[in-house]
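Okay, thanks for coming, everyone. I'll put the structure up and then walk you through a few parts of it.

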Amino acid sequence: MAVEFVLTGATILRGPDLTASQESWIKVGEDGCISALGNTPSENSNVLHFDASSMIICPAFLNAHTHVIDGFLKETGFGLPYWDVFMPPDGLRHQALSLTPDEVVKEQLGQTLDQMIACGTSLFVDFREGGRPGVKLLEEVAADRPIQPLTLGRFASYPPQPATALASNRGVLTEDALAEVSGIVEEGAGFSLISANDLTDEALAQVATQVRSLDGLLALHVAESPPYRETSIERTGQSDVHRVVDHLQPDFAVHLTFATPEEMQRLAEAGIPGVCCPRNHAVIGLGIPRFDLMLEAGMNVAIGTDNVILASPDPLAEIQFASRVIRALRADPSFPTASEMLKMITMNPARILGVDHERGSIEVGKRADLVLIDATTGNLAPVSDAVAALVNRATAADIRAVFNNGALAHGDPLDVIPHKV
Ligand SMILES: [Zn+2]
């Protein structure tokens, strides 16, 4: 149970459009939700008032794509090709995971989650391997921490269909495989595939039906690298993007680094959002996902930090890199705007994940999931444009406190909360 309090004097990024409102106050109720907002002096009452006049308050971040399990392997495979690091079963990451005791993995996972909280994250969507036990491991480590995982598990063993079925694109999943899908959705929040090439067209449709019947989230990597397309066309005559639209209709498609403009248009028309992870694809030499073109095509787009092995799970670092690299590629400093960048870690993922009624923006009635950024640090002061400052300059070191559902999740309360008025 949180305590009722008011933060006063802050610059608050209000509403879904992150409108900067100066010298504002925010009242947090005992239920941990925002009960009132204003920009006149707040009413005098017995409620605890805290001076936040040096703070920029923004909604907590939603990280739309992670693999948090590989934090114990930082920089393993740095400088090596994508396939050698990431592809099961022989990629370095998968070999290390299979050889490392759960206790070691869990300890590092806890540190990764603590770091994510300190970076302002209130919720993340993780693609987790290892079947139902893999989902359970992550859920257990996250359970006593102020951060919400949406864990999308995958089949325990690969390939989930015989190679001959995949090569001919004919064949359905067994009852056992469908039962495994159900168990994974029940343990976590949904189901993920590595790619559409995991399954035949018929099996993609089966998985979609099964996950939907259990109200789970469904997502996968799409157009992540050239072999995704080549293998898909070789087996089925269609790219993986088109097969995903035709047979799976996921809640979102991750990466799309190699999606064509026509494919982005098809995804936009089908209402399938994209989730892009620019730092990971840059460091592994795959390229830059053109989320700017996806936005222009009419897709909803969110940003994720992907594997901890090669990128810190830090949403501010991700959008700062993404903002700069897209401006460079377009030779145009005007798009996406700073608020469009910040929305990709706040309101856009909230909508994609169906949690926008309670998360993603600072509005009365929503959870008080808040990041307090110190506008007086040497890095940030003087702040002339709060949203641009967060996108273009702020780092996790400027974060003074993080609230999750009205409770302090990170930071020193005495730093943030100097006195009772
Ligand atoms: Zn991924």
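I'll start with the domains, then move on to some backbone details.

One thing up front: this is a predicted model. So, how is the chain divided? There's domain 1, made of 5-60 + 360-416, and there's domain 2, covering 61-352. If you take the C-alpha centres of the two domains, they lie 31 Å apart.

Now, how many residues are in contact between them? On the domain 1 side it's 23, and those meet 23 residues of domain 2. Let's stay on the domain 1 side. Three elements each put in at least two residues there: α16, at 386-392, β16, at 399-404, and β17, at 407-411. Which of them gives the most? That's α16, with five residues. And if you sort that side of domain 1 by class, you get 15 nonpolar residues, six polar and two charged.

Okay, on to the backbone. A quick reminder before the details: most peptide bonds are trans, and most residues other than glycine have a negative phi. I've picked out some spots that go the other way.

Cis bonds, then. Going from Tyr 158 to Pro 159, the peptide bond is cis, and omega is near -5 degrees. If you're looking for Pro 159, go to the loop that runs between β8 (148-153) and α5 (163-168). Further along the chain, the bond from Phe 335 to Pro 336 is cis too, with omega near -5 degrees. Where does Pro 336 sit? In the loop between α13 (315-330) and α14 (338-343).

That loop has something else in it, because Ala 331 is found between α13 and α14 as well. Phi of Ala 331 is near 50 degrees, so we have a positive value in a residue that isn't glycine. Is Ala 331 buried or exposed? Exposed: it has 6 other C-beta atoms within 10 Å, and the cut-off for exposed is 12 or fewer.

Compare that with Asp 306. This one isn't a glycine either, and its phi is positive, at about 65 degrees. Asp 306 is in a strand, β14, which covers residues 306-307. What about its surroundings? There are 30 other C-beta atoms within 10 Å of Asp 306, and 20 or more counts as buried, so Asp 306 is buried. To put the two side by side: Asp 306 is buried, while Ala 331 is exposed.

That's what I have for today, thanks.

Notes: Residues numbered from 1 in each chain as written. Predicted model: local features only at pLDDT ≥ 70, side-chain atom pairs only at ≥ 80, totals over all residues. Domains from an automatic or database assignment. Contact = placed C-beta atoms within 7 Å. Helix = DSSP H or I, 4+ residues; strand = E, 2+ residues; numbered from the N terminus. Nonpolar A, V, L, I, M, F, W, Y, C, P; charged D, E, K, R; others polar.
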